Each structure stands twice: as C-alpha cells, then as structure tokens.
Amino acid sequence: MASGSVAEIFAIGASLGGLAATQTIFRGLPATFRCPIVLAQHRMAEVDGRLAELLNGSSRLPVVEPDDKAPILPGHVYLAPPNYHLVVERGFFSLSLDPPVCFARPSIDVLFESLADSYGPSGVAVMLTGSNSDGAAGAVAVKRAGGRVLVQDPTTAKASAGPRAVLAVTPVDGVVPLEEIAARLMALCVGGVPIDGR
C-alpha cells in the first residue's frame with residue numbers, strides 16, 4: 001500500500017491484554033467510521049460469552065460475531081466467534097474449524113493471511129498486545145500483498161511478545177502507541193470521517 005493511500009478494511013489481532021486494548025481503540029472511533037474492522041482475539045473462558053457485549057459497551061460501532069457467509073458491511077466491528085477461525089473473503093466471511101494455529105482458534109495468522117489474499121493492498125493489519133507469535137506470519141503475508149501493517153508500540157502493550165514478533169519478521173508502516181491507534185485508523189479509512197463525528 002503506497003504511503004498516504006487509504007484502506008477498505010482493517011484486521012486487528014490481539015491476545016493477552018486485548019480486551020482493554022481494543023476497548024481503548026473502539027472508544028476513539030466515531031459512529032461515522034465507515035470501514036469494517038475484523039477482530040481475532042484469543043478467547044478466554046471467563047469472558048467468552050460476554051466478549052461481544054463488553055466490546056459493544058465501549059464502541060459506537062456495532063460489534064457482532066458473524067455467521068458463515070455473512071456479508072462484510074461498512075461501519076461494523078466483526079469479532080471472531082469462539083473456537084472458529086474467521087476468514088475474510090472478498091465481501092463476506094467464512095468460518096473454519098481447521099486446527100489451531102499457535103495453539104489458538106481463532107488465529108490471528110489465519111485472519112491476516114485471508115486479508116492479504118482477499119484485499120491485497122487495500123487491507124490493513126493491526127497487531128496489538130499478545131503473548132506469542134500468532135500474527136507474525138500473517139503480517140508478512142499482508143506486506144507481501146501490498147497491504148499495510150501497524151503494530152502497537154510494545155512499551156504500551158500488556159504483553160509485548162506479539163508486537164515484537166511482528167517487528168522481528170517484517171518492516172511495518174507504524175509502531176503506534178495504543179492511545180493513538182484510533183486516530184491512525186481514521187486517517188487511513190477510505191472516505192474519511194468527520195473530525196468531530198460521533
């Protein structure tokens with residue numbers, strides 16, 4: 001993705017510490033944000049059934065767990081359902097029961113790799129806090145496809161292993177403090193959003 005170009009879709013990956021990190025990002029996005037966001041969050045038993053509810057409480061955008069073949073709509077946050085890989089196709093989702101990757105299902109690598117395959121240079125991958133390397137191989141795929149990769153500044157991450165794993169294997173388009181990620185997404189979203197949008 002050339003410098004200054006815009007995105008059609010964002011994919012976010014997170015594990016340990018991801019709930020707080022994604023809540024921070026979603027609080028910073030206005031209701032007028034047009035790009036879809038797809039989130040692969042390693043799920044924990046204590047929040048499995050409440051994760052969408054918790055994220056909805058922090059987001060002006062609706063947060064939903066998509067069904068297989070559900071269309072990708074603008075202005076929505078899509079949360080990978082528990083125990084499924086969430087695969088981005090061009091315009092819709094697929095759910096997969098393929099084996100876990102890095103012991104995780106949903107896997108960040110699977111999401112990012114599907115983003116690269118389906119959206120190429122118009123996709124942006126965002127790697128947040130995480131406790132293992134899930135997401136690193138996917139970030140490489142996004143870069144090879146011409147997309148953009150942003151990484152949470154490891155010094156602002158509850159678990160820095162995830163961001164550092166990405167930084168170790170590919171050049172990225174920004175190492176961004178958590179509190180600044182929402183603004184970066186707004187700057188990249190195709191069509192833009194009003195500065196004072198709510």
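Biologist: What is the relative accessibility of D173?

Modeller: D173 has a relative accessibility of 29% and therefore counts as partly exposed, a class that lies between buried (under 20% relative accessible area) and exposed (over 50%), computed with a 1.4 Å probe on protein chains only. The structure is a predicted model, in which local features need pLDDT of at least 70 and side-chain atom pairs count only at pLDDT 80 or more, whereas totals for chains, interfaces and linings use all residues. Residues are numbered from 1 along each chain as its sequence is written, and side-chain values use heavy atoms, with hydrogens and water left out.

Biologist: Which residue forms a salt bridge with K143?

Modeller: Side chains of opposite charge can pair when their charged atoms come close. The rule here asks for a side-chain nitrogen of Lys or Arg within 4 Å of a carboxyl oxygen of Asp or Glu. K143 meets it with D173, the closest N and O atoms lying 3.0 Å apart. Because K143 belongs to helix α4 (residues 136-144) and D173 to the loop between α5 (161-169) and β9 (174-176), this bridge ties together parts that are 30 residues apart in sequence; helices (H or I, at least four residues) and strands (E, at least two) are DSSP runs, numbered from the N terminus. Like its partner, K143 is partly exposed, at 24%.

Biologist: How many salt bridges are there by this rule?

Modeller: The count comes to two. In the other bridge R90 pairs with E8, again with 3.0 Å between the closest N and O atoms, and it links distant parts of the chain, since R90 sits in the loop between β5 (85-88) and β6 (93-96) while E8 precedes β1 (9-14), 82 residues away. R90 is partly exposed, with a relative accessible area of 47%, and E8 is partly exposed at 33%.

Biologist: How many aromatic pairs does the structure hold?

Modeller: A pair of aromatic rings is described by the distance of the centres and the angle of the planes. Rings of Phe, Tyr and Trp (its six-membered ring) pair if their centres lie within 6.5 Å, and planes under 30 degrees apart count as stacked, over 60 as edge-to-face and the rest as tilted. The structure holds two such pairs. In one of them, the rings of F10 and F33 have centres 6.0 Å apart and planes at 40°, so the pair is tilted; F10 lies in strand β1 and F33 in the loop between α1 and β2, so that parts 23 residues apart in sequence are tied together. F10 is buried at 0% relative accessibility, as is F33 at 1%. The rings of Y78 and F93, with centres 4.7 Å apart and planes at 55°, are likewise tilted, and they join strand β4 to strand β6 across 15 residues of sequence.

Biologist: Which cysteine does a disulfide join to C35?

Modeller: The criterion is a pair of cysteine sulfur atoms within 2.5 Å, and C35 satisfies it with C189, at 2.4 Å from S to S. The torsion about this S-S bond is about 110°, so the disulfide is right-handed. With C35 in the loop between α1 and β2 and C189 in the segment after α6, the pair ties together parts that are 154 residues apart in sequence. Both cysteines, C35 and C189, are buried, whereas C102 is partly exposed at 28% relative accessibility.
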